[in-house]
Amino acid sequence: MVAFRSVSLAQIRYSIAEEVKEGTVVGHIAKDLGLDKSTLRNRGYRIVQGSKEPLFQVNQDDGILYVNRKIDREEVCERSKACVIELKTALENPLEVHYVAVEVLDVNDHAPSFPENEKLLEILESALPGVRFQLQAARDADSGLLSVQQYKIRQNEYFRLEVKDRGENRKTPILILQKPLDRESVKTHNILLIATDGGKPPKSGEMQITVEVVDVNDNHPVFTKESYSVELLENTAIGTTVIQVNATDLDEGSNGEVVYSFGNDVDGEVQAYFTLNSLTGELKVSGIVDFEERNRYEIDIQASDKGAGTLTTDKSVIININDVNDNAPEIEVTSYSKSLPEDSKLGTTVAVITVKDSDSGINGKVLCFINQDVPFTLNPSVQNNMFSIITRTPLDREKQLQYDVTIIAKDAGDPSLSSEKTIRIDLSDVNDNSPQFQLSPYTFYLTENNSPGDSIFKVQATDQDEGDNALISYHIFRGGDNLLTSFLNINPVNGDISALKSFDFEKLKTFRFHVVATDSGSPSLSSNVSVNVFLLDQNDNPPVILHPVSSNGSAEGVEEVPRNVPAGHLVTKVRAYDADIGYNGWLLFSLQEVSDHSLFGLDRYTGRIRTLRSFTETDEAQHKLVILVKDNGNVSLSATATVVVKLVEPTEAISASDVKSAVTEIGDSSVTFYLMITLASVSTLFLISIIVLIAMQCSKTTDVSSKYLPETNYDGTLCHSIQYRSGEKRYMLVGPRMSIGSTIVPGSNGNTLVVPDRRSTSAEVRNDNHTHLLSLILPLQFGRRYHPSFVI
């Protein structure tokens with residue numbers, strides 16, 4: 001047994017007589033190969049056969065090789081001495097190839113037969129004893145000892161029979177004259193020629209020979225050469241002259257005229273390829289001569305005169321056929337795996353092929369190769385012209401799904417002939433790719449007060465595998481101390497993330513969690529991604545009036561003003577607070593109701609109420625002012641405060657001022673206390689937010705930073721700002737993100753913006769030691785700024 005890679009080769013030999021019945025047992029293949037009966041069916045034992053109906057079949061249940069149809073040895077092997085049928089059998093998984101040779105033994109099922117039942121011979125009476133007359137040989141389709149073995153005639157005093165053995169089961173009967181003929185005594189001789197084969201019992205055939213004795217023509221034609229031999233290339237063009245024979249006759253007249261013909265032993269097959277000119281003796285090609293069918297012809301040419309008693313002479317012409325390279329190699333795929341796992345090891349056998357070339361010598365030498373950049377190569381077998389296709393480099397289905405591998409077989413002839421065979425190899429998927437998220441990390445901006453249960457954002461991953469190996473499910477990683485993940489839910493199919501609660505920006509600014517994507521392969525592969533969520537503020541907090549506030553908690557207050565105060569006197573200041581940030585917390589003041597518009601004015605940004613002119617005697621003693629405090633949100637929220645201004649005489653104002661100053665000191669100390677608490681809380685929140693955001697930004701990759709914060713001067717922290725006013729300009733200290741419409745102050749290194757003043761240019765700008773504006777800015781969304789504000 002010869003083995004290579006996963007292919008095993010073995011050969012066993014059986015013999016069987018021809019003409020046996022269908023179903024006749026040839027041999028027990030399973031037993032001879034040492035295989036279990038179950039192995040035959042499980043591994044698909046079969047005979048590799050062509051398109052014709054097979055002569056033999058294998059029973060996969062018991063492993064017996066039996067005759068599938070009646071075998072005629074003469075049809076299968078013609079007149080070959082040994083008739084051996086080569087069978088190629090194969091077992092799959094792993095692939096094993098076994099060769100079985102079945103020799104078909106000849107039986108005596110054909111009797112000898114002559115081409116003619118009767119033969120007429122004309123012999124001159126002057127013929128001398130010893131003259132030889134070659135007769136047509138009988139044909140027997142059987143071979144070997146079962147073909148024609150002997151010829152005989154009944155005892156005759158004038159003739160005897162001699163048999164010439166030409167080899168290859170060819171015996172030619174020759175009738176020899178052994179006694180001079182006397183036409184006057186015996187004009188006709190009847191001879192019965194019997195041909196017998198070597199069967200037991202033998203079979204025979206007969207031919208009746210009639211010998212007519214004619215008068216004197218006593219010179220035979222004589223060929224000019226003792227022998228004729230010629231070399232002829234196969235596929236020579238029809239009409240080409242092969243050779244010209246020449247014979248002469250010493251007789252005169254018609255007795256000396258020579259004509260040529262094929263000998264009696266030349267069969268119809270030879271005459272299909274060659275023609276003979278009866279007058280010139282030229283032998284020409286009349287059919288396509290094929291070296292692979294027959295490489296030698298021995299043709300008997302008979303020269304005859306035209307005398308009354310025709311004399312003939314036979315001469316053999318030997319034609320040797322030379323091979324030319326006229327057959328391209330043939331590629332036969334014995335077996336191959338159409339689907340190959342992409343993780344197959346190097347050297348895995350994909351297919352087994354056999355290459356053959358009908359030419360001989362160097363024309364039949366075949367070189368086989370793959371002339372492609374594919375991860376496969378040909379590995380030759382120890383048996384000639386057999387190859388296996390094996391993997392030579394690793395496979396990856398995600399890079400290429402299938403390969404069309406073209407096998408080229410080229411012979412060594414001149415010119416060389418070649419043929420190609422293409423087989424398609426599909427790669428089957430294995431789970432070798434983990435899911436990949438489209439972004440890493442994800443950053444989302446979520447507006448506060450979201451509806452619980454609604455989808456708030458979505459993550460998505462892809463897997464380059466196919467089928468179940470690419471079927472992705474999502475879940476949120478809930479390990480560690482991240483309690484916020486209990487308020488999040490993810491759709492395992494599409495990655496939609498929903499919140500189970502409503503988030504409040506004033507309580508939570510940002511949070512982070514991880515999503516895990518897992519495929520359905522076996523074993524499964526997974527990957528995770530960080531999700532950063534920034535909450536965006538909504539205008540959900542109305543302004544709160546801090547001053548004036550009455551004893552019952554309402555936003556009302558009474559202010560006493562002397563009648564003699566000049567224009568521009570500060571009556572009071574309305575103080576308010578908004579928990580929102582940015583524009584949502586930016587407060588504006590306006591007079592909603594006033595008894596006399598000429599007396600009082602309100603600063604819309606600071607809430608200061610001042611006199612516009614001096615009081616007169618005609619002015620009323622009491623004035624009611626309703627101040628509207630409104631934030632700057634898209635849908636603004638507001639609150640109102642009521643201030644009652646009483647005009648008093650200067651003496652009353654002095655005594656009241658003492659009392660008021662004491663109350664003011666108490667009120668200012670209380671306000672200052674609350675202000676300090678508020679500022680401390682905001683400052684602490686600001687520092688914590690900055691630290692958390694710096695840590696988050698430092699953990700981001702460069703790609704994410706560049707995606708969300710593309711500015712070149714960005715220092716890795718989130719945007720923040722502090723607003724302050726100096727002179728007629730308001731400034732905002734910010735990070736790299738700049739608000740639309742802002743201008744850069746020279747020398748600010750790109751971190752200070754001038755915020756356009758919304759007040760008219762004619763408005764008075766005043767400094768107040770008790771007024772401060774503190775702003776924190778989170779990342780911008782759609783060009784808006786968000787910051788919590790206090791106006792005190």
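This report walks through a predicted model of a protein, from its overall make-up down to a few strands and single residues.

**The big picture**

The protein runs to 792 residues, and 45% of them count as buried. DSSP runs give six helices and 55 strands. Of the contacts with a sequence separation of 6 or more, 66% link residues that are 24 or more positions apart. The accessible surface adds up to about 40,600 Å², and carbon and sulfur atoms own 50% of that.

**How far to trust it**

The average pLDDT is 80, with 83% of the residues scoring at least 70. Two stretches sit under 50 throughout: residues 1-9 and residues 701-792. The model still gives residues 1-9 some 34 contacts beyond four places in sequence, and residues 701-792 have 193 of that kind. Where pLDDT is low, the predicted coordinates should not be read in detail.

**Strand E6 and its two partners**

Strand E6 covers residues 64-67, and its side chains alternate. Leu-65 and Val-67 point to one face and are buried, while Ile-64 and Tyr-66 point to the other face and are not. E6 pairs with strand E3 (residues 25-28) in the antiparallel sense, over three bridges. In that pairing Val-25 stands opposite Tyr-66. E6 also pairs with strand E5 (residues 56-59), again antiparallel, this time over four bridges. Here Phe-56 has Val-67 as its bridge partner, and Val-67 is one of the buried side chains of E6. E5 and E6 form a hairpin with four residues between the strands, and Gly-63 in this hairpin takes a positive phi near 75°.

**Strand E20 against E23**

Which residues of E20 make up its covered face? In this strand, residues 258-262, they are Val-258, Tyr-260 and Phe-262, with Val-259 and Ser-261 on the uncovered side. Five bridges join E20 to strand E23 (residues 296-305), and the two run antiparallel. Tyr-260, from the covered face, has Ala-303 as its bridge partner in E23.

**Three residues and their exposure**

Here are three residues side by side, each with its element and its relative accessibility.

| Residue | Element | Relative accessibility | Class |
|---|---|---|---|
| Leu-570 | strand E44 (residues 570-573) | 38% | partly exposed |
| Arg-575 | strand E45 (residues 575-578) | 19% | buried |
| Ile-677 | helix H5 (residues 650-699) | 42% | partly exposed |

Is Arg-575 buried or exposed? Arg-575 counts as buried because its relative accessibility is 19%, and the cut-off for buried is under 20%. Its C-alpha lies 9.9 Å from that of Phe-589, which is 14 residues away in sequence.

Leu-570, by contrast, is partly exposed, because its 38% falls between the 20% and 50% limits. What does Leu-570 touch beyond four places in sequence? Its contacts of that kind are Arg-608, Ile-609 and Arg-610. The C-alpha atoms of Leu-570 and Arg-608 are separated by 7.0 Å, although the two residues are 38 apart along the chain.

Over in helix H5, Ile-677 is also partly exposed, at 42%. Together with Phe-673 and Tyr-674, Ile-677 makes a nonpolar surface patch of about 340 Å².

How values were computed:
Residues are numbered from 1 along each chain as its sequence is written. Side-chain values use heavy atoms; hydrogens and water are left out. pLDDT is the predictor's confidence in each residue, from 0 to 100. Contact means heavy atoms within 4.5 Å. Buried means under 20% relative accessible area, exposed over 50%, partly exposed in between (1.4 Å probe, protein chains only). Two strands pair if DSSP finds at least two bridges between them. Patches are made of residues with over 30% relative accessible area and no salt bridge: like charges are joined within 9 Å, nonpolar side chains (Val, Leu, Ile, Met, Phe, Trp, Tyr) within 5 Å. Accessible areas come from the Shrake-Rupley method with a 1.4 Å probe; for residues, only the protein chains shown count as cover. A salt bridge is a side-chain nitrogen of Lys or Arg within 4 Å of a carboxyl oxygen of Asp or Glu.
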